[in-house]
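This report goes through a few local features of one protein chain. Please look at the sequence and the structure before reading on.

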Amino acid sequence: MGNFIDEVRIQVKAGDGGDGAVAFRREKFVPKGGPSGGDGGHGGDVILEVDEGMSTLLDYRFKHNYRAEDGKPGATKDMYGRRGQDLILRVPGGTQVRAEEDGALIADMRTHGQRFVLAKGGRGGWGNIHFATSTNRAPRRAAPGTPGQERAAKLELKLLADVGLVGFPNAGKSSFISRVSAARPKIADYPFTTLTPNLGMVGLSGERSFVLADVPGLIEGAHEGAGLGHRFLRHLERTRVLLFLLDVSPDPARHPLEDYATLSRELELYDPGLAARPRLVALNKMDLPDTQAVNDDLAAHFEALGVAFHAISAVTGHGVNPLLEALWHALKAAPPLVFETVADSVEESVEAEPDTTPEHEPASEERDELDDAADTFDETP
């Protein structure tokens with residue numbers, strides 16, 4: 001797969017909360033002193049953030065363990081510990097986050113700047129200033145910080161594109177995307193030249209544009225992983241329109257109709273919903289001699305199937321502009337994609353997390369919990 005990485009596993013650990021402090025005022029001119037132990041700082045969160053400048057998960061190929069900063073302990077004179085810094089892990093748009101243990105989807109990262117808290121930092125422990133009561137003016141107890149959340153996750157990248165190119169190896173998909181966009185994939189005259197998916201922005205008149213995805217060539221058995229087909233097929237899941245690129249070059253072992261039937265069957269076996277997407281068919285390499293007769297037969301066949309058919313040459317540009325216009329109109333008519341949903345109780349927003357650090361006196365039920373924690377904590381001032 002070269003430098004294109006679309007699946008990684010990571011282990012993250014949020015920062016632990018800092019311990020609360022036990023301290024007392026002992027200044028010469030402060031009568032009766034009193035408790036002055038500050039709270040510990042909260043641990044830092046581990047946060048995923050979408051970066052539109054990224055197109056691969058290569059950054060996570062060799063490093064798999066990440067940890068946010070711990071919160072600092074409280075100090076004397078009512079000084080609170082500093083909050084641990086959050087750890088921001090940047091991912092490309094189209095990254096799905098799944099739980100390692102059961103594969104459940106816990107976040108779907110699609111738009112630039114979107115954030116998701118993958119591991120929540122521990123809360124800082126309360127200092128002894130929160131334990132003072134009318135009957136206990138000098139509490140010698142504090143609460144320890146709570147540990148940060150630890151989580152194993154699997155990151156899967158699925159390209160976000162409008163149109164997906166489908167075809168056998170050496171059908172001319174790379175030549176086509178290089179013709180209609182600024183993408184420059186490797187092009188050669190042997191099968192499996194393209195080993196990684198490519199994205200290209202196609203510009204049309206009137207400031208219209210759409211994103212085209214070129215995935216490596218598929219072969220029979222791709223839905224079962226043949227030729228790494230299962231890894232490439234996932235990148236078509238988020239495309240709204242499919243463009244089947246068929247090769248018309250003379251090859252006694254291949255025929256465009258058989259190629260189309262095989263590709264359609266592989267999509268159906270991989271995901272029936274993907275096979276049901278709107279599709280167009282383009283017969284490529286029409287610049288070769290003796291191709292007009294094949295073109296006429298195929299046009300009649302696909303017209304009977306109700307599938308839009310175009311004859312093009314990615315090398316000379318013949319028929320390319322009408323095909324791009326047809327793709328644009330197909331996109332306008334295509335229904336919106338329905339994404340896999342994430343439970344509200346699992347996915348959370350960074351902005352929605354409030355700071356609930358108390359001012360002084362804890363509530364009665366919270367005091368009971370703190371008392372239990374403090375009983376096992378070092379009470380030495």
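Which residue is the bridge partner of Gly 164 in S11? The model in view is a predicted one.

## Strand S9 and its partners

The bridge partner of Gly 164 in S11 is Ala 213. Strand S11 covers residues 208-214, and three bridges join this strand to S9. S9 and S11 run parallel.

S9 also pairs with strand S12, residues 241-247, through four bridges. This pair is parallel as well. In S12, Gly 164 has Leu 242 as its bridge partner. Gly 164 thus appears in both pairings, with Ala 213 in S11 and with Leu 242 in S12.

S9 itself consists of residues 163-166. Val 163 and Leu 165 point one way from the strand, while Gly 164 and Val 166 point the other way. All four residues are buried, whichever way they point.

## Lys 13 in strand S1

Lys 13 belongs to strand S1, which spans residues 7-13. Is Lys 13 buried or exposed? Its relative accessibility is 14%. Buried means under 20%, so Lys 13 counts as buried.

A polar atom of the Lys 13 side chain lies 3.5 Å from the backbone oxygen of Gly 148. Gly 148 is also listed among the residues that Lys 13 touches, leaving aside those up to four places away in sequence. The others in that list are Val 46, Tyr 66, Arg 67, Ala 68, Gln 149 and Glu 150.

## Aromatic rings

How many aromatic pairs does a search of the whole structure find? The search finds four. In one pair, Phe 302 and Phe 309, the ring centres are 5.5 Å apart and the planes are at 10°, so the pair is stacked. The cut-off for stacking is an angle under 30 degrees between the planes.

Phe 302 and Phe 309 are both buried. They also belong to one aromatic cluster, together with Phe 244 and Tyr 260.

## Helices H1 and H6

Two packed helices are described by the angle between their axes and the distance between the axes. Helix H1 covers residues 173-180 and helix H6 covers residues 320-333. Their axes come within 12 Å and cross at roughly 85°. Angles of 65 to 115 degrees count as roughly perpendicular, and H1 and H6 are therefore roughly perpendicular to each other.

Which residues meet where H1 and H6 are in contact? On the H1 side they are Phe 176, Arg 179 and Val 180. On the H6 side they are Val 320, Leu 323 and Leu 324.

Definitions and conventions
Residues numbered from 1 in each chain as written. Predicted model: local features only at pLDDT ≥ 70, side-chain atom pairs only at ≥ 80, totals over all residues. Heavy atoms only, no water. Helix = DSSP H or I, 4+ residues; strand = E, 2+ residues; numbered from the N terminus. Buried < 20%, exposed > 50% of the residue type's maximum accessible area, 1.4 Å probe, protein only. Polar contact = N/O pair within 3.5 Å; in protein donor to acceptor, adjacent residues only side chain to side chain. Contact = heavy atoms within 4.5 Å. Phe/Tyr/Trp six-rings, centres within 6.5 Å; stacked < 30°, edge-to-face > 60°. Pairing = 2+ DSSP bridges. Axes fitted to C-alpha atoms, helices over the stretch in contact; angles between N-to-C directions. Parallel < 35°, antiparallel > 145°, perpendicular 65-115°, else oblique.
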